[in-house]
Amino acid sequence: MAEAAADDKMLALTFGGTEQIVLAEVDKPAILQPTDVIVKVTLCGICGSDLHPYHGREAGLAQGTIVGHEFTGVVEAVGQQVTQLQPGARCFGWVGEVPGGGVPAPGAGLQGSQAQYVRVPLADGTLVKVPEGVTDEECILLGDILSTAFFCADQASISPGDTAVIIGCGPVGLLAILAARQRGASSVIAVDAVPTRRHKAAEFGAMAVGISEAAAAVAAATGGRGADVALELVGSGAALGLGFELLRPGGVLSSIGVHTEPQFPFSPVDAYNKNLTYRSGRCPARHYMQQLLPLVQAQAWPFTAIISHRMPLQQGVEAYKMFAERREGVIKIVLDPWAQ
């Protein structure tokens, strides 16, 4: 366990190579551009997409790069051209590690946010001020995975009365169940191999089934027609292929899983014959953060119920192992940078 950091240092989780996260004492960030803000992080989260470089499925992060992108906190310092944020303001947003972030040259890359402080470039267009009554846990979800879940549902063009199938009941998939219901789906079937996740999916109002049961469940629910929409939130060829198989002719497949495979699991001929509409892409999170704030403030859905563990940042190495290994009871882990 690292000791408390000196005034010009901070504690952070850094990339140490494949399946290696290192708790390290590193330099505190400084303002590099007049549009930068420095945020004192009060809570950060581990996201499923953090596991892609962790497992080596994505390359490019230098060892020593601070990992993570989900965070909320308090503005500590602002650049001269920042107009929307002031020191002391609570804020949340998204800033991701970028290849080159671990090299010495200033600005060569971005450091992540699983740390006690984070530098946020272009802060006026990146960060959102936290309204009264919104918790740090809600901010963590708004900054990425809640926004991504609603983006996935919106890409699917869900209409009232639709049958939606959710492929993958990790944190984003669970929130996508609520997003599909909010957008009008009358029936939601959630597919996952992990019993803990299926239990939570059922709590969220879905029919939760294992992978081998999915085809029969969708056929029974739709009279053999197939689902109107499929939301794929895993990032594997198998998951994308399953979503395709469970759709009716003319259905919509919305994929936001981070894919690293070079080929589709279905061919252009398959897509043509099914009259498939396929949509994929990265969520414009900043747009959705603002849009979803009123829904969070209204307490319309139990969004934060997906958070299963709140741990000190100093236990972040173990937290990554717990999340990567899908240990019993682990769904979403958030980290407190200041807890002992």
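These exercises walk through a predicted model, each with a worked solution.

Residues are numbered from 1 along each chain as its sequence is written. Local features need pLDDT of at least 70 and side-chain atom pairs pLDDT 80 or more, while totals for chains, interfaces and linings use all residues, and side-chain values use heavy atoms, without hydrogens and water.

**Exercise 1. Find what average pLDDT the protein chain has, and which stretch falls below 50.**

Start with the term: pLDDT is the predictor's confidence in each residue, from 0 to 100. The protein chain averages 93. Of the residues, 94% score at least 70. Next, look at residues 100-107, where the pLDDT is below 50. Beyond near neighbours in sequence, this stretch has 13 contacts (heavy atoms within 4.5 Å) in the model. Where pLDDT is low, the predicted coordinates should not be read in detail.

**Exercise 2. Decide how many residues of helix 4 are buried.**

Fix the terms. Helices (H or I, at least four residues) and strands (E, at least two) are DSSP runs, numbered from the N terminus. Buried means under 20% relative accessible area, exposed over 50%, and partly exposed in between (1.4 Å probe, protein chains only). Helix 4 spans residues 145-155, and 10 of its 11 residues are buried. Among them are Phe150, Phe151 and Cys152. Just after the helix, Ser157 has a positive phi of about 55°.

**Exercise 3. Describe the surroundings of Glu232.**

Place the residue: Glu232 lies in strand 11 (residues 227-232). Glu232 is buried but has no salt bridge. A salt bridge needs a side-chain nitrogen of Lys or Arg within 4 Å of a carboxyl oxygen of Asp or Glu. The nearest side chain of opposite charge, Arg326, is 10 Å away. Now check the backbone. A polar atom of the Glu232 side chain lies 2.8 Å from the backbone nitrogen of Val234. For the backbone nitrogen of Gly235, the distance to a polar atom of that side chain is 2.6 Å. Leaving aside neighbours within four places in sequence, contacts of Glu232 include Cys152 of helix 4 and His259.

**Exercise 4. Work out which parts the salt bridges of Glu70 and Asp136 tie together.**

The structure holds 14 salt bridges. Glu70 pairs with Lys332 at 2.6 Å, N to O. Glu70 lies in strand 4 and Lys332 in strand 15, so the pair ties together parts 262 residues apart in sequence. Both residues are buried. Asp136 pairs with Arg90 at 2.9 Å, N to O. Asp136 lies in helix 3 and Arg90 in strand 5, so this pair ties together parts 46 residues apart in sequence. Asp136 counts as buried at 17% relative accessibility, whereas Arg90 is partly exposed at 31%.

Terms used. Lys, Arg positive; Asp, Glu negative; His and termini not counted. Polar contact = N/O pair within 3.5 Å; in protein donor to acceptor, adjacent residues only side chain to side chain.
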